[in-house]
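Student: I'd like to go through the empty spaces in this model and the helix packing around them. Can we take it one question at a time?

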Amino acid sequence: MSAVARIAAPSRPGRHGRGRLRWNLLGLLVFVTAGFPVYWMLNTAFKPAKDAIDPDPHFFPGTFTIENFSRAFDIADFWGPVGRSLVVSLAVVLIGIVVGMLAALAISRFAFRGRKIVIVGILAVQMVPLVAMIIPVFLLLNDLGQYDRLTGLIITYLTFILPFTVWTLRGFIVNIPRELEEAAMVDGCTRTGAFVRVVFPLLAPGMVATSVYGFIQAWNEYLYALMLMSQQNQTATVWLGNFTTKHGTEYAPMMAGATMMAVPIVILFLLVQRKMAAGLTAGAVKG
């Protein structure tokens, strides 16, 4: 075959191109699988209530309505539970990130007796099912006078969010070279000054990613909020239970309420999406 014929011959897709196509199709499948429940929630929230219980579901709503949102506000108080959920979630994030950062720094940068035991203990706590601790937590909070109080719920959430925070931030701190701190200390910084000026800026993306996870965990938690809080002090997730009565479940207003509950999470992601992406990939390459 001449050189001209070889140039004119159409090029066949190589192995690399076929592999990329398969990965793209797999990514599309994962996206559709993960996004379909969200789409169905929005679809049900904006369709008439009678269409939500239609045995022949329609994937594309024929009629849009906002009556379900009005019904959601009429069934029970909305802003009270949402406000309490925001207070609890923000308090858990702020306390957890401060305490977790200090604990992760101590585990990562200092050698002390029992260090390995602490690390194993953090992992062991995360293996305990949350439902197994509901009765001991209830009895302990009742003895401390923290039952049906937001402070008690915050303390409870910290028990299973703080270990994850410590473990995650430890991974980010370990990937920050010690030589950067030592160079700052040689230039005249104290150990605290080296951490604030060198380590903390590099740790910021990881702190954002960890904070978002903690916020979502506290915001979506249902079991402990149901067992430890009364009807007057219920959180947003427990508030959704008001749509299930002895007459049945009002699915359309429930999906409207779930849509409104998802708004704070969406806003949070929009505000920190760049830091979130940087934090999730910060530990991929060791500097």
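**Pockets, cavities and a helix pair**

Tutor: Sure, and keep in mind that this is a predicted model. To start with the largest pocket, its lining residues split into nine nonpolar, two polar and no charged.

Student: Which helix gives the most to the lining of the largest pocket?

Tutor: Go through who lines it: Met41, Ile216, Trp219, Asn220, Thr237, Leu240, Ala258, Met261, Ala262, Ile265 and Phe269. The elements that put in two or more residues are helix 10 and helix 13 (251-281). With five residues, the top contributor is helix 13.

Student: What volume does the largest pocket have?

Tutor: We've just seen that helix 10 and helix 13 each give two or more residues to its lining. The space they help to enclose comes out at a volume of about 240 Å³.

Student: On to the second largest pocket. Which helix has the largest share of its lining?

Tutor: About 150 Å³ of space lies in this one. Its lining includes Val125 and Gln126, Thr159, Phe160, Ile161, Pro163 and Phe164, and Tyr213 and Gln217. Helix 6 (115-127), helix 8 and helix 10 each supply at least two residues, but the largest share, five residues, belongs to helix 8.

Student: How many charged residues are in the lining of the second largest pocket?

Tutor: Take the classes in turn: nine of the lining residues are nonpolar and three are polar. The count of charged residues in that lining is none.

Student: Helix 8 and helix 10 keep turning up. Are they roughly parallel or antiparallel?

Tutor: Helix 8 spans residues 150-174 and helix 10 spans residues 191-220, and their axes lie 10 Å apart. The two pack at an angle of about 160 degrees. Angles over 145 degrees count as roughly antiparallel, so helix 8 is, relative to helix 10, roughly antiparallel.

Student: How many nonpolar residues are there in the contact of helix 8 with helix 10?

Tutor: On the helix 8 side you have Tyr157, Ile161, Phe164, Thr165, Thr168, Leu169, Phe172 and Ile173. They meet Leu203, Gly206, Met207, Thr210, Tyr213, Gly214, Gln217 and Ala218 of helix 10. Sorted by class, the contact has no charged residues, six polar ones, and a nonpolar count of 10.

Student: And which hand does the crossing of helix 8 and helix 10 have?

Tutor: This is the pair with an angle of about 160 degrees between them. The handedness of their crossing is right-handed.

Student: Now the cavities. Which helix gives the most to the lining of the largest cavity?

Tutor: A search of the whole structure turns up two cavities of 30 Å³ or more, and the largest holds about 50 Å³ of space. Its lining is Val92, Val93, Gly96, Ile97, Ile161, Thr165, Thr210, Ser211 and Gly214. At least two residues each come from helix 5 (79-109), helix 8 and helix 10, and the one that gives the most, with four residues, is helix 5.

Student: How many charged residues line the second largest cavity?

Tutor: About 40 Å³ of space lies in that cavity. Ser85, Val88, Leu153, Tyr157, Ala218, Trp219, Glu221, Thr235 and Thr237 line it. By class that's five nonpolar and three polar. Glu counts as charged, so Glu221 in that list fits a charged count of one.

Key: Residues are numbered from 1 along each chain as its sequence is written. This is a predicted model: local features need pLDDT of at least 70, side-chain atom pairs count only at pLDDT 80 or more; totals for chains, interfaces and linings use all residues. Side-chain values use heavy atoms; hydrogens and water are left out. Axes are lines fitted to C-alpha atoms, for helices over the stretch in contact, and angles run from 0 to 180 degrees between N-to-C directions. Angles under 35 degrees count as roughly parallel, over 145 as roughly antiparallel, 65 to 115 as roughly perpendicular and the rest as oblique. A crossing is left-handed if the near helix is turned anticlockwise from the far one by less than a right angle, and right-handed if clockwise. Contact means heavy atoms within 4.5 Å. On a 1 Å grid over the protein atoms alone, a cavity is a set of points where a 1.4 Å probe fits but cannot get out, and a pocket is an open set with protein on both sides within 12 Å along at least five of seven lines; lining residues have an atom within 4 Å of a point. Grid points are joined across faces, edges and corners, and a volume is the space filled by probe spheres set on the points.
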